[in-house]
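Biologist: I want to know what stands behind the words used for this model. Take me through the values and the cut-offs.

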Amino acid sequence: FSRRSSSRGSFSRSGEKRLTLLFMPQLVVIGEVRAVHGLKGHFKITSYTQTPDDFFRFGPYRLGKDYANIYLKKIKDLKTGYVVSCDQINTRELAEKIVGMTIETDQSCLPQINKLNQFYYHQLINLIIKTEDGKNIGKVISVQNFGSSDLLEIRKKNRKDFFIPISDSTVKKVDLNKKIIIVKNINDYVV
C-alpha cells in the first residue's frame, strides 16, 4: 500500500494499480472564535480545555477549511478567553470571516492522560452504554456541559435522546478497549 494524499490510486513499476490510503486527522474541538479585536486581524477566542491556558500547548490548529496548520499567538488575557493573532489572518475583514468558527487540533497533539478514570470527551463518543446487568441502553453521541456537570448524550434506536450525568453515582466503569460504559442508578434519566 502507498501513503499518498491522492484519492485516485497510483501504479507500481510493473503497471499494477495500487490502492492509495488517505490518512485524515481526527480533529478535536478545543476552542471557538468569539469576536474580532481591533484592525490588525486579531480575534477573541474561548478555550474549551480544562485549564484554559493549556489551549496554547496543542497546536497547530485548524479553523474551518481555509485555515489548516496555523499557529495562534496569545496577545492578551481576557476574563473569558484570549485575544490572539496568526500570520494567515492579518486584517479585520479576514478576522470577521472566522467569527463563530470552532478551533480544532489533531487529537495526536493532546497529551496522554495517565490518571485512572479520566478521559477526553472524544474518547467517549460512540461507546455503548450498558447497565450493570448488561442491558444495552444506547450509544454516546456527544458529551455536553450546560453549566452544572458533564453529561453523556445517549441515543437509543426509535427513542428520544437523553442525558446521563457523568459522576461516581451514575458511571460505574468506562472501558475504552471494549468500547462500553457501564452505568448505574439511571432510572430517573432514561426516557
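Biologist: Why is lysine 44 called partly exposed?

Modeller: Its relative accessibility is 30%. Buried means under 20% relative accessible area, exposed means over 50%, and partly exposed is in between, with a 1.4 Å probe and protein chains only. So lysine 44, at 30%, counts as partly exposed. This is a predicted model: local features need pLDDT of at least 70, side-chain atom pairs count only at pLDDT 80 or more, and totals for chains, interfaces and linings use all residues. Residues are numbered from 1 along each chain as its sequence is written, and side-chain values use heavy atoms, with hydrogens and water left out.

Biologist: Where is lysine 44, and with which residues is it in contact?

Modeller: Lysine 44 sits in strand β4. Helices (H or I, at least four residues) and strands (E, at least two) are DSSP runs, numbered from the N terminus. Contact means heavy atoms within 4.5 Å. Leaving aside neighbours within four places in sequence, lysine 44 is in contact with residues including Glu32, Val33, Arg34, Leu78 and Tyr82. Lysine 44 and leucine 78 are 34 residues apart in sequence, and their C-alpha atoms are 8.6 Å apart.

Biologist: What makes aspartate 150 partly exposed?

Modeller: Its relative accessible area is 24%. That value falls between the 20% and 50% limits, so aspartate 150 is partly exposed. Aspartate 150 lies in strand β12. Beyond four places in sequence, its contacts are Tyr121, Gln144, Asn145, Ile164, Pro165 and Ile166. Proline 165 is 15 residues away in sequence, with 6.0 Å from C-alpha to C-alpha.

Biologist: Why is asparagine 69 called exposed?

Modeller: Asparagine 69 has 57% relative accessibility. The limit is over 50%, so asparagine 69 counts as exposed. Asparagine 69 is in strand β6. Its phi is near 55°, a positive value in a residue other than glycine.

Biologist: What makes asparagine 185 exposed?

Modeller: Its relative accessible area is 59%. That is over 50%, so asparagine 185 is exposed too. Asparagine 185 is placed in the segment after β15 (180–183). Its phi is positive, about 50°, although it is not a glycine.

Biologist: Why pick out positive phi values?

Modeller: Because most residues other than glycine have a negative phi, and most peptide bonds are trans. There is also a cis peptide bond, between glycine 59 and proline 60, with omega about 5°. Proline 60 is found in the loop between β4 and β5.

Biologist: What makes a set of residues a nonpolar core?

Modeller: A nonpolar core is a set of buried Ala, Val, Leu, Ile, Met, Phe, Trp, Tyr and Cys residues joined through side-chain atoms within 4.5 Å. The largest one here has 21 residues. Those with the most contacts inside it are Phe43, Ile45, Leu63, Leu72, Ile89 and Ile103. β3 gives the most to this core, with 4 residues. Another core, of 15 residues, lies apart from it and includes Leu152, Phe162, Ile181 and Ile186.

Biologist: With which residues is isoleucine 103 in contact?

Modeller: Not counting neighbours within four places in sequence, among them are Val28, Ile30, Ile45, Phe55, Leu63 and Leu72.

Biologist: How do you know that a space is a pocket?

Modeller: A 1 Å grid is laid over the protein atoms alone. A pocket is an open set of points where a 1.4 Å probe fits, with protein on both sides within 12 Å along at least five of seven lines. Lining residues have an atom within 4 Å of a point. The largest pocket holds about 1,700 Å³ of space. Of its 43 lining residues, the closest to its centre are Gln50, Ile113, Phe119, Tyr120 and Tyr121.

Biologist: How many residues of each class line the two pockets?

Modeller: The lining of the largest pocket divides into 20 nonpolar, 15 polar and 8 charged residues. Ala, Val, Leu, Ile, Met, Phe, Trp, Tyr, Cys and Pro count as nonpolar, Asp, Glu, Lys and Arg as charged, and the others, Gly among them, as polar. The second largest pocket has about 200 Å³ of space. Its lining has 6 nonpolar, 5 polar and no charged residues. Gln107, Leu110 and Leu176 are among them.

Technical notes
Grid points are joined across faces, edges and corners, and a volume is the space filled by probe spheres set on the points.
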